[in-house]
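Student: Before we look at any details, could you show me the model and take me through how such features are read?

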Amino acid sequence: MSTQKSVRKVTTHVLNEMKLRGEKIAMLTAYDFSIARILDEAEIDVILVGDSASNVMAGFDTTLPITLDNMIYHAASVVRGVKRALVVVDLPFGTYQGNSKEALASSIRIMKETGASAVKLEGGYQVVESIERILSAGIPVMGHLGLTPQAIHKFGTYVVRAQQEDEARRLMEDARLLEKTGCFGIVLEKIPARLAEEVTSNLKIPVIGIGAGPKTDGQVLVLHDMLGITTEFSPRFLRRYHNLHDEIKSAVQNYIKDVRTLKFPNEKEQY
Ligand code: KIV
């Protein structure tokens, strides 16, 4: 008899059930095998291989430069570390907006070459045709509305979105459209909490917030921000659960000191 405990994989269906039960969904980003394994052991529900990798892994100022090949490398590494969580991969800038065939081809590469379970893309009515085509191949799609970092050059700023009534109305229309088109969930980024609550209660699919208040069906943060590896980015919505920047720095400083003073390696640390 096997003593191994079987794990119940988180699927899009499980997320729907969680919404129905009023159970909150916890989502974080990851970009590599070792970290993904830790998040999965901790029983995170959803791991997003976000194009925020462009910022926190590659050091770019925006999410625009990251390529499909880069995202596939990160996503395949993450998937190898995950047994339970649902892995969602961002379609990077320029790989789905051009036309729906390109969107499908990009999504197929992600699914085939990484083993992930879903893709995420930014935008509302403008990307509906792409979403429809991706869904037609049986690939689950997550939407992303509000602050959409791939459109940063259009807006020129990362301020809170949909504060005015007309923009809020358009966001609600887009959210309804994404649900009607077949998205299994939506990320709402940096919008007023009241609007996020309204969207969440109007949709049957799970709504995950980042800077969107407490009334969404779940929350997502960029791992490097919540662990305090990044220090320069501190919007109001970000809660830092650790100060890994200082911890790593101090560990490295201790190592350097030990090497320089011949304290490392000691007698037990050699053959
Ligand atoms: O790329 C990312 O990390 C994201 C989250 C901010 C939701 O899209």
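The dialogue below turns to the ligand, the domains and the strands.

Tutor: This is a predicted model, in which local features need pLDDT of at least 70 and side-chain atom pairs count only at pLDDT 80 or more, while totals for chains, interfaces and linings use all residues. Residues are numbered from 1 along each chain as its sequence is written, and side-chain values use heavy atoms, with hydrogens and water left out.

Student: Which residues come nearest to the ligand?

Tutor: A residue is near a molecule if one of its heavy atoms lies within 4 Å of it. Here 13 residues surround the ligand, and G50, D51, S52, D90 and K120 come nearest.

Student: Which side chains have an N or O atom paired with an oxygen atom of the ligand?

Tutor: A polar contact is a pair of N or O atoms within 3.5 Å. An N or O atom in the side chain of D51 is 2.9 Å from a ligand oxygen, the corresponding distance for S52 is 2.5 Å, and a polar side-chain atom of D90 lies 3.1 Å from an oxygen atom of the ligand. On its own the ligand has 260 Å² of accessible area (Shrake-Rupley method, 1.4 Å probe), of which the protein covers 95%.

Student: Where are the domains of the protein chain?

Tutor: Domain bounds come from an automatic or database assignment, which here gives domain 1 (3–240) and domain 2 (243–271). Their centres, taken over C-alpha atoms, are separated by 38 Å.

Student: How many strands form the closed barrel?

Tutor: Strands are DSSP runs (E, at least two residues) numbered from the N terminus, and two of them pair if DSSP finds at least two bridges between them. Eight strands form the closed barrel in the order 1-2-3-4-5-6-7-8, with parallel pairing.

Definitions and conventions:
A polar contact is a pair of N or O atoms within 3.5 Å; within protein, one must be able to donate a hydrogen and the other to accept it, and residues adjacent in sequence count only if both atoms are side-chain atoms. Helices (H or I, at least four residues) and strands (E, at least two) are DSSP runs, numbered from the N terminus.
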